[in-house]
Every structure is written in C-alpha cells, then in structure tokens.
Amino acid sequence: MLSTFAIGVIGKLLITLSFLSGLGSLIFYFLSAKEEKEKQLRIGNWLFVAKGLFMIAASVLLVYLLFTNQFQFYYVFNYTSLDLHPMYIWSAFYGGQEGSFMLWILFSWLFGLSLIRWTRSPYKAPVLFFMAMTQVFLIFMLVGWQIGDLTIGASPFRTIAEEMPNAPFIQANPDFVPVDGTGLNDLLKSPWMMIHPPLLFVGFAMMTIPYCFAMAALWKRKYNEWVGPALPWTLSANVALLTAIFLGGYWAYITLSFGGFWAWDPVENASLVPWLIGTAGIHTMIIQRKSSVAQKSSILFAILAYVAIVYETFLTRSGILADSSVHSFVDLGLYNQLLAFMLVITVVGLGMFFWRYKELPSPESEAKILSREFMTFTGAILLLILGLVIILGTSSPIIGLLFNENPTPPEISFYNDWSMPIAIIMALLTVIGQYLFWKKYSWESLFKELMNPLLVASVFTVASIVLGDVRNFYYMIYLFAGWFAVIGNGFVMIRLAKRKPKLIGGAMTHVGFGVLLIGILASSAYNTPMLDQQTKDYNARVRAGEVTDEQGFKVSQEVNMLNLDLNEPKLINDKYIVTYEGYDLGEQNRPGQQTYRVLFEPVDGGKPFYLKPEVYPMLATSTEDNVQWSVDPDVRTGLMSDIYLYVAGSSYVSARNSQIERKAGTQAINPEDVPETQTIKFSKGETVTVGGFNMDFIDYAMEDTTQLPPNTNIGVRAQVRLTHIASGQQFLLEPLFALYNDEDGKTYVFSPPIQLANYDLTFRFTKVYPESGEIDLTIDGLDEEYQDEWVLIVAEQKPFISVVWTGTFLLMIGFSVSILRHWDRERKKK
Amino acid sequence: MKPKLIIGIVAIIGFTSLLMYNFGESISTYTTFEAASDMSNAHVAGTWDDSQNYGFSMESKTFTFYMKDENGDSRRVVYPKPKPNNFEQADRLVVIGEMRGETFYANDMLMKCPSKYNDADPSQFVNASES
C-alpha cells in the first residue's frame with residue numbers, strides 16, 4: 001500500500017507530465033504548422049496522445065481514491081462520504097472544479113484524437129495547435145505547483161494537510177484522516193445531474209473545434225474550405241449544449257424549489273450564450289458553404305462562440321459571481337490563471353481576425369433583402385445580439401461598475417424585456433428565411449406563398465387567445481409570432497419531407513423554436529398558484545390594500561401557500577379537493593426523509609391521484625444540533641398542464657426542529673413550552689386518541705415476580721399499541737406496574753418509564769383500578785392543546801410545460817438531422 | 001461614406017445606448033437599511049442577527065428574522081416565504097424589498113453560503129440522521 005504522500009506525488013506528477021507533453025505537442029504543432037513539416041506533426045501527435053494518457057492515468061487514480069474513500073485527500077473528503085451510492089461517486093468525480101476540468105480535458109482530448117484522424121492539410125497542424133493550446137491552459141489549472149508561497153493551479157491530489165495547514169487538528173496531527181467525508185451535495189444526487197455535466201463538457205470541448213478551424217483558416221489564409229469540416233462539429237457542439245441545458249433545466253424544475261426550468265441565473269446563462277453564438281455561427285457557415293459569402297462572420301462567430309465559453313467559465317469559476325448566482329463555484333485561487341486563459345483566447349482570436357481582416361473576402365455586391373443570404377445573416381445577427389444582451393446581464397458585477405460601486409445583478413425583467421422582442425422578430429423572420437432558403441421569391445410571390453401560413457397561424461392565435469383568456473396585447477403578438485413560426489416552417493418542412501427528407505433539419509429546428517416560444521409564454525406567464533378560497537380572498541384584500549399588519553402598515557405580499565390539516569379536505573382553485581393524508585418516514589433513500597401523501601380529487605369526476613413531495617435533512621451540511629431541511633418537489637406531468645408542489649413546512653419538521661433546539665440548548669426554555677404531563681385512563685380493548693396518537697390497550701398480564709426486585713408484591717405488564725396517526729408508525733409498549741414493600745412494610749409503586757425518543761415522549765404505567773380493570777398511563781411530553789398535524793405546501797399549476805420540452809426535442813432532432821446530412825457529405829469528399 | 005453604413009452605425013449606437021441605459025436602470029447598488037428607507041426595490045446586504053428571535057409564523061405565513069446590515073444596523077426583516085434551506089449557514093444575506101418604518105419587507109432573498117467548510121473541522125461532521 002502506497003503512502004498518502006506517495007499517492008499525492010504520483011497524482012501531481014501525472015498531471016505535470018500531462019502538462020509538459022501538452023506543452024511539447026504545442027511546440028511541435030507550431031513548428032509543423034509554420035513550416036508544414038510532416039515529421040514535427042508526427043512528434044506533436046505522439047505528445048498529444050501522451051498528454052491524454054497521463055490525464056487518463058490521473059483520472060483513474062482520482063476515481064480510485066474516491067471509490068476507496070481516501071478522505072485524507074481534500075477532494076475525496078469534500079465530495080464523497082461513506083454512504084454515497086457508487087453511482088454518485090462518478091458524479092463526485094466531476095462534482096468539484098478540479099474534476100470537472102479533468103473531464104473537460106479528457107473530452108477535448110478525445111475530440112482532438114478524431115481531429116488527428118480526420119483533419120486534412122493545410123488545416124491539420126494549425127487546428128491541432130490551437131486545440132493543444134486550449135488544453136494546455138486547462139491542464140495548467142490543475143498542476144498544483146508550490147513555488148514558495150505561491151500555488152499555481154489547484155491539484156485534485158492535495159491532501160487535507162496541504163489544503164488547511166493552519167487548522168488546529170492538522171497542527172496536532174499532520175496525518176489526520178477524517179472518518180467520513182462531507183459528502184456530495186444532496187441536490188446533486190440525481191440521475192439527471194449525472195449526465196448533465198458530462199454533456200455540458202462534451203459541448204464545451206466540441207465548441208473548441210470551430211474556433212480552431214477558424215484560427216487555422218486565418219493562419220493559412222484559406223478562408224473557405226474550413227467550413228466543411230467545422231460545420232458538423234459546430235452542429236454537434238450545439239446539440240450537446242442544448243441537451244445539457246435541457247437536462248439542467250429539467251433537473252432544476254423537478255428538484256429545486258424555485259418552481260421553474262429557467263431563472264436567468266449566471267450559470268445557466270453560461271451555457272446558453274455559447275449555444276446562441278454557436279447557432280449564429282451555424283447560420284453563417286451554412287450560407288458560406290452554399291454561396292461563398294459571409295466568410296468574415298463565420299470566422300468571427302466561430303471565435304466568439306468559444307470566447308463566450310471561456311468568458312463564462314471565467315465568470316462562474318473565478319468567484320466573481322459569488323454574490324449573484326446561487327450555484328457558482330468557489331474561487332480556488334485560479335483567478336489569474338482563468339483570466340490569462342480568457343485573455344489569450346480572446347486576444348489571439350480577435351487579434352488574428354483583425355490582422356487578416358483586410359484580406360478576408362468581401363461580397364462583390366450587396367445582398368438583396370429578399371435573399372436567403374440576407375435573411376440567414378440577419379438571423380445570425382439577431383442570435384448574436386441576444387447572446388450579447390445576456391452576456392451584458394451576466395457581467396453585471398463587472399460592467400455594472402460603470403453605474404455604481406457595488407452593482408447588483410439586473411432584475412429578471414431586464415432579460416425578459418430584451419429577449420421577448422428579439423424572439424418575436426426572430427420567429428417572424430424564420431418563416432421568410434426558410435421560404436427564401438429553398439426558392440427565390442419576389443415580394444409579391446412571397447406574400448402569395450405566405451397567405452396560407454398567415455391564415456392558419458391567425459386562426460391558431462385567435463383560438464389560443466380565446467381558450468387561454470389572453471388579455472395582454474404584447475402576449476398576443478408574441479403568440480402570433482410563435483404560431484407563425486410553427487405553421488410557416490411546418491409548411492416548408494412538410495414540402496421538403498415529401499421530396500428530400502434528409503434536408504428537413506433546418507425547417508424542423510425552426511418549427512421547434514416556434515413551439516418553444518409558445519411553451520415558454522404559456523408556462524411562465526400563466527403559471528397559477530393553487531390556493532383555497534380563503535387564501536384567495538385574503539390575497540384579493542391584499543391587492544385592494546385592505547390588509548394591515550400589527551404595526552399598521554399595509555401588507556403588500558400575497559400568500560401563495562396552502563395550509564392543509566391532516567385528513568381535512570380543501571377545495572383548491574375550484575378544481576380539486578385536496579387532502580393531506582399523512583406522511584411516511586422512509587429510511588431507504590435518504591435517512592430522515594418524510595414522504596408526504598397529498599391526494600388530489602378532481603371535482604369534475606376525473607381520476608384521483610397522489611402527489612408525494614419529500615422533505616429530507618441535507619446530510620452534507622447538517623450537524624447534530626442543526627439539521628438543514630431540503631425539499632424535493634413532486635410534479636404531476638400532464639399534456640395540458642403540470643401540477644408542481646413542494647412542502648414548505650410541516651408539523652413534523654417544526655416538532656423535530658424544536659426537539660433539536662431543546663437538545664442543543666440553543667433556545668432558552670420558554671416556561672409555556674415545558675412539556676405537559678397527561679394521564680389517561682382506559683380499559684382493556686379500548687382505544688384512546690390523544691396528541692396525534694391512537695392508543696390501543698390490548699391486554700395485560702401478571703409478571704413473574706421472581707424476575708423483579710425482591711420485596712415485590714405484584715407486577716403487571718400492560719400491552720399498549722401506539723399508532724402515530726400521521727405517519728402510520730406503530731410501537732408496542734409494555735410498561736410495567738409493580739408494588740413493593742420496604743422493610744417497614746410501606747408499599748411503593750414502581751413504574752419504570754419507557755421512552756419514545758423520536759417523539760420525546762415518556763410513558764409510565766402508574767395505576768391499576770382492580771374493581772373496573774382500568775389502568776392509568778401517564779405520559780410526559782405530550783402537549784395538552786394538541787394541534788393537528790399540518791403541512792404547508794406551495795403548489796402551482798403550470799400550463800404547457802410539455803410544450804417547452806417538445807420544442808426543445810424538435811430543436812435537438814432537427815439539429816441531429818443536419819449533423820447527419822453534413823457529416824455524410826464530408827465523408828463522401830474523401 | 002455610404003448612407004447605408006451611416007444608418008448602420010446610427011442603429012448600432014442607438015441600440016447600444018438604449019441597452020446600456022436599460023441595463024443601468026435595472027441594476028441597483030447594495031445599500032443599507034437606513035439608505036433603503038426611500039427606495040422601492042432596495043438590495044440590502046448583511047448578516048443574520050442570531051441574537052434575536054426568528055422563525056416562520058403560521059398565522060401570517062411569513063418568515064421573520066433580524067439582519068445586521070453593513071453598518072451594523074439590525075432590523076426586522078419579513079420574508080413572505082418559508083425559511084429557505086441553508087438559512088442558518090449563510091454567511092451573507094441579500095434581501096430585496098422595501099423599508100416600511102423600522103421593518104424591511106423582503107420580496108426576495110439571496111444567500112451566500114460559506115466556501116465549503118474551509119475552516120471547519122472535518123472530525124466534527126456527523127450525519128444528521130444519526131443525531
């Protein structure tokens with residue numbers, strides 16, 4: 001068995017070797033690209049391969065450490081724990097910054113190998129040069145070199161002692177190994193979170209390739225041919241990013257409690273912006289390939305798409321966004337390295353572009369407005385503008401400094417206000433663009449062609465306005481734009497499908513875009529809270545300004561929560577009768593988890609159904625005297641609308657909290673809170689309901705007095721079955737009642753207490769009434785004024801979420817069809 | 001210069017100024033309770049004042065706690081949602097809303113959680129379930 005020290009050294013050595021071979025390949029690729037020499041290229045390739053093998057070895061070592069729970073390594077300690085399911089140990093591998101860089105490098109390397117295999121001269125060497133360059137920067141983040149007081153890169157192989165040398169337990173014992181790790185964040189323990197990050201990095205790695213091709217084109221002054229091989233890569237990068245964005249959104253929707261699939265969070269934007277700019281690049285590459293125009297913009301967009309990735313990586317990983325994003329990474333001291341990476345990629349990229357700008361081919365004549373070139377180009381520009389608007393919003397911690405010293409992130413309305421009109425224009429133009437893409441039209445003939453789609457779209461729009469009770473004029477225009485995109489592009493798609501089904505990719509993505517727009521509007525603007533009449537009346541009074549609080553101020557905040565008492569049905573939104581039927585305490589998935597049963601019975605006689613939201617303690621951040629509860633919403637997916645629901649509070653959780661506080665002594669004991677003592681009297685076979693429990697007095701039996709202390713006269717043991725009504729938990733209690741005499745002949749009662757720890761209750765069998773056969777059971781800890789079990793839920797009806805997903809799927813399929821087509825063509829070229 | 005180029009430049013400048021103007025309007029600055037008294041959508045940053053009572057009220061369905069702003073001024077904050085996960089762990093809070101008298105009514109709250117356990121003792125972490 002190797003010592004910790006040796007493993008740490010080997011790990012760091014592997015990464016350093018990977019870095020050095022990367023650097024070597026960079027040099028040889030440079031020489032080869034400069035002098036077009038085959039020999040240097042071959043050496044470069046060998047070094048490139050070696051770099052990846054070292055990185056694989058390092059990854060295998062890290063995965064080994066993770067699987068063998070070597071908590072002396074900080075990364076292992078920080079992201080895993082003994083009880084972590086093996087499936088999620090893989091998630092832990094890329095759960096932190098260091099591991100996610102490794103994963104990114106590995107994917108990038110794999111795509112690099114396929115570039116070695118398939119790229120042709122004269123692009124080969126320069127493409128690989130730039131590919132190697134990005135990887136060298138990424139590996140550099142991981143080297144973890146100690147030079148004096150300076151640490152360069154954050155090594156995944158640093159030990160706890162290296163991470164926190166000044167911690168008292170390290171000073172006391174440098175070889176300290178924690179018994180258990182802090183564990184993976186519970187929110188990340190989701191199958192969706194297993195595939196989301198790898199796909200994102202596949203997208204990031206693939207998006208490097210158009211950048212490399214564009215740079216190679218500038219270097220070699222070959223401005224046209226690069227688009228052929230670069231296009232399928234860009235399309236693939238887009239599909240990967242889109243799928244990753246979709247998975248992230250879906251995960252957020254079903255596991256987080258913000259209640260939606262998109263929140264304009266900087267980290268979400270970080271994956272959307274490269275996608276938008278990459279899509280802009282796809283548009284210009286397509287017209288460049290078809291008509292030999294837009295060489296400048298294809299190169300520019302290819303550069304910008306990758307710059308956007310690196311810039312957003314910088315924002316999310318440098319700690320700059322720590323205040324504005326809920327899930328940005330913590331700064332690992334990589335700020336300067338990330339900044340250098342970003343600056344080099346940007347300056348080299350844009351510098352080369354402007355250096356060659358004059359040489360770049362320009363169109364001889366300006367394109368007519370009614371041409372596929374002009375329309376496609378306009379689409380690309382709109383995508384770019386949308387991307388820039390989002391970058392601006394995301395950059396508020398930096399660009400906001402222009403406005404004040406301590407800028408906050410922009411309001412969400414900033415994103416919505418700008419993206420909506422842009423999306424409307426885009427949607428309208430997609431139809432015109434698609435028609436013009438396949439055929440030449442004059443204004444007149446185009447209008448004639450568009451008559452039918454316009455009519456159909458209008459009918460659908462009016463129908464949606466009437467059915468959905470849309471009153472906002474702006475929304476009506478938006479709806480029309482969405483429908484027009486669906487119908488118009490649908491016409492084109494059907495026509496193409498009849499003749500050349502291989503070509504429908506483009507039309508299908510545009511249909512998907514329209515569907516997505518309609519879905520976004522329906523699900524976000526018509527999202528309604530599910531409330532009972534009483535709460536609705538209260539909210540109406542709040543809106544009317546009639547409610548004041550204890551200090552006499554007007555209450556402005558509506559209540560969007562629903563309070564349900566156990567087994568007391570409430571009518572919700574005049575649609576459902578909702579009943580809280582209790583909870584189950586499950587130990588199998590997450591220890592301490594409660595699964596609540598909420599029954600929905602449709603008033604119109606539909607089939608009743610249950611929603612089962614969960615509440616669980618966050619293991620990774622909870623301590624003995626501070627349990628942090630996390631919620632797991634439940635979603636009932638429907639074709640027309642989803643019901644989304646989570647538990648905001650419950651009697652169980654608040655009882656557990658006060659129990660924990662009492663134990664920890666963090667709260668002064670309020671005299672009113674002192675647990676009560678109650679005595680209940682019942683006879684055999686009787687059931688008494690008290691304090692949320694059903695107590696069945698089943699039987700009693702004489703106890704063998706020889707087993708009891710000497711001097712015992714009589715011993716009786718009762719059997720009481722205790723059923724906790726809300727959770728259905730059952731306990732069988734067998735309290736003892738005994739009488740014994742002391743030396744003086746005095747009689748004493750002996751009733752040893754039985755504890756029910758989870759409920760903080762103590763039971764004693766205190767009296768027997770021989771004449772009636774009844775007994776007294778004395779219970780400590782039961783509130784006299786018992787409140788019914790309750791649950792507070794936040795429930796929302798979200799119409800047409802399914803349409804959002806459908807739109808996304810259409811986009812994915814459309815892009816995939818295009819990948820096949822372009823890939824097929826590139827292959828046949830050989 | 002060609003007229004089209006001029007139109008283009010004017011359009012770009014117009015668009016950019018409008019965008020920047022709107023961006024400037026939609027961001028605000030982190031402030032203090034005192035300065036927030038005449039603001040409608042104030043972002044106040046601070047820390048949780050754990051010396052005072054806090055908790056969720058079932059009657060008003062609000063979560064109430066005290067927060068110290070950057071001047072050390074402690075005020076009552078009313079948040080119309082349940083207590084967020086991780087509330088006690090947050091080492092920085094940002095409440096967004098308005099002051100009314102001495103009380104801050106937050107419509108939104110952001111929490112910054114400590115950089116993962118950098119100064120915590122790994123030997124002390126216990127699974128909550130075992131407690």
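**Note on the predicted fold of chain A**

1. In chain A, 69% of the contacts between residues at least 6 apart in sequence join residues at least 24 apart; a contact requires C-beta atoms, placed from the backbone, within 7 Å. The model is predicted: local features need pLDDT of at least 70, side-chain atom pairs count only at pLDDT 80 or more, and totals for chains, interfaces and linings use all residues. Residues are numbered from 1 along each chain as its sequence is written, while chains are lettered from A and ligands numbered from 1 in the order in which they are written.

2. Of the 830 residues in chain A, 47% are buried (20 or more other C-beta atoms within 10 Å of the residue's own).

3. The largest nonpolar core (buried Ala, Val, Leu, Ile, Met, Phe, Trp, Tyr and Cys residues joined through C-beta atoms within 7 Å) has 187 residues, of which Phe213(A), Ala214(A), Ile277(A) and Leu517(A) touch the most other members. Helix 9 (residues 191-220) of chain A supplies the largest share of this core, 18 residues; helices are DSSP runs of H or I, at least four residues, numbered from the N terminus. A second, separate core of 32 residues includes Tyr583(A) and Tyr616(A).

4. Helix 17 (residues 443-468) and helix 18 (residues 473-499) of chain A have axes, which come within 8 Å and cross at roughly 135°; axes are lines fitted to C-alpha atoms over the stretch in contact, with angles from 0 to 180 degrees between N-to-C directions. Helix 17 of chain A is therefore oblique to helix 18 of chain A (neither under 35 degrees, nor over 145, nor 65 to 115).

Conventions. Buried ≥ 20, exposed ≤ 12 C-beta atoms within 10 Å, placed from the backbone. Contact = placed C-beta atoms within 7 Å. Helix = DSSP H or I, 4+ residues; strand = E, 2+ residues; numbered from the N terminus.
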